[in-house]
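The following exercises are to be worked with the sequence and the model side by side. Each task is followed by a solution in steps.

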Amino acid sequence: MRTAPSRRALRPLVAATAVSLLLAACATGGTDEPAGDATSAAASGAFPVTLTSAFGETTIESEPTAVATVNWGNHDVPIALGIVPVGFAKATYGDNDTDGVHPWTYEALEELDATGDALPELFDETDGIPFEAVNNTAPDVVLAAYSGLTEEDFTTLSQIAPTVSWPEFAWGTNWKDMALINGEALGRKAEAQALVDDVLAQIDDALAERPDVEGKTVAYTWIDPADPSTIGVYTPLDARVQLLEDLGMQTAPSVVELAGDTEEFFVNLAAEQADTLSDVDVLVTYGDDTTLATLQADPLLNKIPAVARGSVVVVPDGDPISSATSGPTVLSVPWALDAYLDLFPAAAAQVGGPAPPHPGRRPPPSGGGRRPCGVDARSGSPRACWRCCSPSSRRSRSAHASSVRPTSSPGCCTPTRPTSRRPPCARASRAPSSACSSAPRSASAARSCRA
């Protein structure tokens, strides 16, 4: 049985779309023409449309009638606009009933009578985009505004149909821009804007009920409980971080500094330098009921003031709330809004409270290539790491590797062979497996599995 934090949250989106349909009908001057036909006519008048992505321009000559989407969440845009895609990516993370469709998407499809035998084709992207399956749906457009497409992916998809890709950064398109870009590709940018405005209004209402949340500085992290020697810190360009800013919070200056000019959605921070995050009011991470105690018991991680005083928001790993907010969409945000925000007040209330004293921030080591990392604080054994482990080397990191991953040595990281810009695994193992998911979650095993 599907349960939602707020089933009613989807209703305003449906209403917003209906209003757009009525406005479109009025604009055409027709009184007998059905609203859907009027909107289709208005959309047809928007073509041809040309969109620019990181891989160049894509021109869509006429209104699409068979819409396919790939990678995380793009399908929610046409569905929210009343268009049933011919196919979209199968959900493998945060899908509790394992039917391949997230609950907020399923509810919207129910509104369109597109479940059961009418359910669109689900693309299994565990091992990459299944181009043959996409081609078999005979799309006349492929939407991927929020994605990690490589140029090769883009080229192959473009041979199937005009393809809309990410505009600037892989996995860096926020939910608002995803809606507007994909909406424009469908000739319905104005309707997409109405959906965005409606969700923003819902956010304002939700924040008014939780005034203590606004203005807090945050860092969104992934810390592997099996290897806490590296903290994965999501950068300001990541969609989940941008969602926190939409929810009235501010990315901590230390996170902005760590990110530097990287084009990646995360950076790695050695646990020995955990107190770099001393300006963080609230630390957000994935885990379960044991996570806070585990972090506080770690002698290095407990140097983060937010951890020491308990200002930690633990997003339930693998839960629909986690998937709804890891790759937020115009449908998932209102679905999860109340339940997600309810995770924050208790952590925010601890801000300003007492915390154990901790050492001042150590200056990062200098030098190039491999550098000594000193003695491991847990094992007492010597360690050596790539400079990418150091927050001072974020530019070096992007210069000699497009991704990093932890090695078997605690706290170390080494460059991986550049691969496609894919979101990593969502499971605690951080290793490629059938448990890998389309949620761009883990920062500690970059690109180890396909969405």
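**Exercise 1.** In which sense do β1 and strand β2 (residues 56–60) pair, and over how many bridges?

*Solution.* The model is a predicted one. Step 1: β1 and β2 pair in the antiparallel sense, over 5 bridges. Step 2: the connection from β1 to β2 is a hairpin of 2 residues. Step 3: serine 53 stands opposite glycine 56 in β2.

**Exercise 2.** Determine which side chains of strand β1 (residues 49–53) are buried.

*Solution.* Step 1: in a regular strand the side chains alternate between the two faces of the sheet. Step 2: β1 shows such alternation, with Val49, Leu51 and Ser53 pointing to one face and Thr50 and Thr52 to the other. Step 3: Val49, Leu51 and Ser53 are buried, whereas Thr50 and Thr52 are not.

**Exercise 3.** Classify asparagine 135 as buried, partly exposed or exposed.

*Solution.* Step 1: locate asparagine 135 in helix α5 (residues 131–136). Step 2: its relative accessible area is 42%. Step 3: buried requires under 20% and exposed over 50%, so a value in between means partly exposed. Asparagine 135 is therefore partly exposed. Step 4: in sequence, asparagine 135 and alanine 161 are 26 residues apart, while their C-alpha atoms are 8.5 Å apart in space.

**Exercise 4.** Why is helix α9 (residues 239–246) described as largely enclosed by the rest of the structure?

*Solution.* Step 1: list the buried residues of α9, which are Ala239, Arg240, Val241, Gln242, Leu243, Leu244 and Asp246. Step 2: because 7 of the 8 residues of α9 are buried, the helix is largely enclosed by the rest of the structure. Step 3: just after α9, note glycine 248, which takes a positive phi of about 90°.

**Exercise 5.** Which side chain of opposite charge is nearest to arginine 309, and how far away is it?

*Solution.* Step 1: arginine 309 belongs to helix α12 (residues 305–309) and is buried. Step 2: the nearest side chain of opposite charge is that of aspartate 281, 4.3 Å away. Step 3: a salt bridge requires the charged atoms to be within 4 Å; arginine 309 has no salt bridge. Step 4: a polar atom of the arginine 309 side chain lies 3.2 Å from the backbone oxygen of valine 280.

**Exercise 6.** What is the volume of the largest cavity, and which residues are closest to its centre?

*Solution.* Step 1: there are 5 cavities of 30 Å³ or more. Step 2: the largest has a volume of about 110 Å³. Step 3: 17 residues line the largest cavity, and Trp72, Gly73, His75, Ala91 and His102 are the closest to its centre. Step 4: β4 (87–89) and α4 (103–111) are the elements that give two or more residues to this lining.

Notes
Residues are numbered from 1 along each chain as its sequence is written. This is a predicted model: local features need pLDDT of at least 70, side-chain atom pairs count only at pLDDT 80 or more; totals for chains, interfaces and linings use all residues. Side-chain values use heavy atoms; hydrogens and water are left out. Buried means under 20% relative accessible area, exposed over 50%, partly exposed in between (1.4 Å probe, protein chains only). Helices (H or I, at least four residues) and strands (E, at least two) are DSSP runs, numbered from the N terminus. Two strands pair if DSSP finds at least two bridges between them. Lys and Arg count as positive and Asp and Glu as negative; His and the chain ends are not counted. A polar contact is a pair of N or O atoms within 3.5 Å; within protein, one must be able to donate a hydrogen and the other to accept it, and residues adjacent in sequence count only if both atoms are side-chain atoms. On a 1 Å grid over the protein atoms alone, a cavity is a set of points where a 1.4 Å probe fits but cannot get out, and a pocket is an open set with protein on both sides within 12 Å along at least five of seven lines; lining residues have an atom within 4 Å of a point. Grid points are joined across faces, edges and corners, and a volume is the space filled by probe spheres set on the points.
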